[in-house]
Amino acid sequence: MSSEPSYIEVEREDPRDPQALVRLVPLFSSLEPALLDAIVARIRWFALPGGTTLFEAGDEPDALYFVASGSLGAFIVTSAGHRRSIGRIAAGETVGEMALISGKSRNATVIALRDTELGRLSREDFEELMLSHPAGLLRLAQLMVQRLESSQQQTRGTRTVPRTIAVVPHSLADGATEFAERLVQELRKLGRTELVWNRRGADQTSDWFHTLERANDFVVYVCDVEPSKWSKLCLRQADAVLLLASADAAPNQWSALGVQSERAMIAQRMELVLVHGRKITRGAAARWLNIKPNLPHHHVRTIHDVARLARSITGNALGVVLSGGGARGFAHLGVLKALRESGIQVDAIGGTSIGAVIAAGFASEWDHDELVSRVRRSFVDTNPVDDYTLPLVALASGRKVSGLLRREFEDAAIEDLPLPFFCVSANLTSGQLAVHRRGELWRWLRASVAIPGVLPPVVHNAELFVDGATMNNLPVDVMREAGIGKIIGVDVGADRAFTTDCVDSDAPPFWKLLKWFRGRKQRINILQILWRAGMVNSAANTLARRELSDLLLQPPLEQIDMLNWRAFDRAIEAGYVYASSRLEIAHSWSRSDRKASAEM
């Protein structure tokens with residue numbers, strides 16, 4: 001690759017046309033033309049350097065502000081005296097209008113997260129315009145109520161799409177420019193994108209940066225390795241920061257961030273990008289995450305990984321969530337086969353119980369045949385829960401399940417999986433759902449399948465973990481919190497798990513048991529009862545989580561018992577046939593996304 005990256009100059013109409021900018025604001029867009037023209041004439045434009053306070057909590061409402069470029073952060077001070085981010089105001093949004101209408105003091109401090117260009121409509125001008133246009137005032141009030149209701153109903157995890165991205169190299173050996181070129185190549189499939197590095201942007205004015213950013217959907221800045229003036233400028237301009245590092249390097253802090261810069265970046269989205277050779281270096285993610293805990297991380301080996309990163313950071317990715325459901329979970333194999341054959345790219349995956357096990361195999365990049373073979377070997381060729389023991393804690397000892405999971409996944413760590421993955425379990429000690437994104441893969445899968453009463457809980461740091469299905473059998477909400485984009489939820493945990501035509505409320509005396517079992521009635525057993533009882537508490541919540549799916553897949557599996565491991569091939573076929581007929585919806589997403597990008 002060249003040392004001087006290529007870029008595309010984009011010719012557009014004057015981006016500083018104030019009327020065009022104001023018309024893009026949802027709060028103003030449907031106002032009557034005369035009122036809109038009057039607002040445009042009264043707006044005063046100014047620039048606010050990154051880190052500068054626009055107004056403080058407790059200030060009197062003096063104006064309404066419109067963000068033309070850049071971004072603002074809203075903060076409150078906690079009871080402990082710490083500043084906490086409560087929101088981000090991006091280009092094309094307004095701030096301060098609620099206090100302006102209510103007359104109450106500002107309830108948050110708003111600070112420029114980067115160099116920001118703003119329009120200001122003073123309180124006096126606002127009141128004068130509204131008095132002369134009463135219909136406009138009513139319409140504005142209606143729009144604000146709708147906006148407030150929408151924000152209150154907004155799903156957790158919905159994040160503003162970053163338009164400016166800073167790539168921060170850990171060292172000169174990381175090849176930041178080459179990586180940024182590949183990222184720009186993939187971002188251009190989603191919208192107009194420019195690449196800016198030191199030699200191109202260091203001597204430019206703030207107006208040049210504002211114009212560049214308004215003319216593009218995405219701008220990628222490449223920082224220097226050291227905390228230079230250029231690095232500080234890049235970080236000040238960025239909505240999102242990608243911390244780039246070689247997976248094999250010794251982990252330590254990124255020099256370009258600097259102590260002061262990092263403190264000022266409290267509301268910025270930050271993600272870790274580890275560059276590998278052809279294979280992922282085991283243990284590398286854990287080492288780097290120890291110095292940057294809780295950051296989303298990405299493994300990059302090929303251009304396909306860069307494409308996934310581009311989709312994920314811009315909210316154009318696809319996540320898949322697989323539910324629990326015992327033997328019915330084998331249908332997930334058929335659904336995943338249909339996804340592979342359709343050419344739809346899965347960018348993240350997670351699940352509960354049997355869904356977590358199959359999702360882990362998919363995240364390990366096992367092809368369909370290997371995934372089916374391994375699941376068949378562990379769940380069909382042998383009964384994973386037939387190591388019965390004295391039922392002091394559970395009917396089975398759990399050693400067999402642990403051994404099978406360790407055989408298939410060896411010593412893999414969740415954070416080393418090529419595809420972003422999570423599984424969930426229920427923490428009996430705290431009574432809360434546990435989401436596992438790090439740690440020994442086999443151990444947390446074992447926790448995720450630990451049906452209470454059937455398998456013993458997993459003990460970790462003096463806390464007990466059991467099957468995630470007891471609290472959340474379809475963790476679409478967990479995937480939604482990542483804010484990656486569209487989500488396909490696959491629910492195989494049918495609302496009616498089993499029925500019986502036996503009318504006896506009590507089991508017969510021991511001496512009649514043989515005759516009882518020889519009867520032709522459809523009877524239930526203790527494993528079925530324990531399995532289903534463990535899922536009942538999450539049944540009501542599952543209905544709500546289904547609604548969080550952009551596409552919900554529910555293969556017809558009523559005729560397959562949750563403990564009928566021999567229905568393996570039948571369940572796979574049912575999932576495959578059903579999913580193949582439904583995935584045209586997902587194809588329409590990608591077609592519409594491509595069309596939207598072409599029209600932007």
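How many helices and how many strands does the protein have? There are 23 helices and 22 strands. Before going further, I should state that this is a predicted model. Of the 600 residues in the protein, 52% are buried. Taking contacts between residues at least 6 apart in sequence, 77% join residues at least 24 apart.

Let me turn to one sheet. It is open and consists of 6 strands, in the order β10-β11-β9-β12-β13-β14, with parallel pairing. Which strands stand at the edges? They are β10, residues 193–196, and β14, residues 297–300. Each of these has a single partner strand, so one side of each is left without a neighbour in the sheet. On average, and with direction ignored, neighbouring strands of this sheet are turned by 20 degrees against each other.

At the β10 edge, the partner is β11, residues 218–222; the two strands run parallel and are joined by 4 bridges. Within this pairing, T193 stands opposite F218 in β11.

Next, the helices on this sheet. Helix α7, residues 176–187, lies across β9, β10, β11, β12, β13 and β14. Relative to β11, helix α7 runs at about 175 degrees. Helix α13, residues 303–313, also packs on the sheet, where it touches β9, β12, β13 and β14. The direction of α13 makes about 155 degrees with that of β14.

I now come to the charged side chains. The count of salt bridges comes to 24, and I shall discuss three of them.

The first example is D305 with R301, whose closest N and O atoms are 3.0 Å apart. Is D305 buried or exposed? D305 counts as buried, because its relative accessibility is 4%, under the 20% limit for that class.

The second example is R377 with E408, where the closest N and O atoms lie 2.7 Å apart. This pair links distant parts of the chain: R377 belongs to helix α16, residues 368–379, and E408 to helix α17, residues 399–409, with their positions 31 residues apart in the numbering. The two partners fall into separate accessibility classes: R377 is partly exposed at 37%, whereas E408 is buried with a relative accessible area of 6%.

The third example is R546 with D491, again with closest N and O atoms 2.7 Å apart. R546 lies in helix α21, residues 526–547, and D491 in the loop between β21 and α20, so the salt bridge ties together parts that are 55 residues apart in sequence. Both R546 and D491 are buried.

Which residues do salt bridges with shared partners join into one network? They are E370, R374, R377, R407 and E408; the R377 and E408 pair described a moment ago is thus placed in a wider setting.

R374 from that network also lies over the face of W366, at 4.2 Å from the ring centre. A further case of a charge over a ring is K337, whose charged end sits over the ring of Y576, 4.6 Å from its centre.

Finally, the aromatic side chains. The structure holds 13 aromatic pairs. One aromatic cluster is formed by W208, F209, Y221 and W230. Y221 falls within the residue range of β11, 218–222, the partner strand of β10 at the sheet edge.

Technical notes. Residues numbered from 1 in each chain as written. Predicted model: local features only at pLDDT ≥ 70, side-chain atom pairs only at ≥ 80, totals over all residues. Heavy atoms only, no water. Pairing = 2+ DSSP bridges. Axes fitted to C-alpha atoms, helices over the stretch in contact; angles between N-to-C directions. Contact = heavy atoms within 4.5 Å. Salt bridge = Lys/Arg side-chain N within 4 Å of Asp/Glu carboxyl O. Buried < 20%, exposed > 50% of the residue type's maximum accessible area, 1.4 Å probe, protein only. Phe/Tyr/Trp six-rings, centres within 6.5 Å; stacked < 30°, edge-to-face > 60°. Lys NZ or Arg CZ within 6 Å of the ring centre and 35° of its normal.
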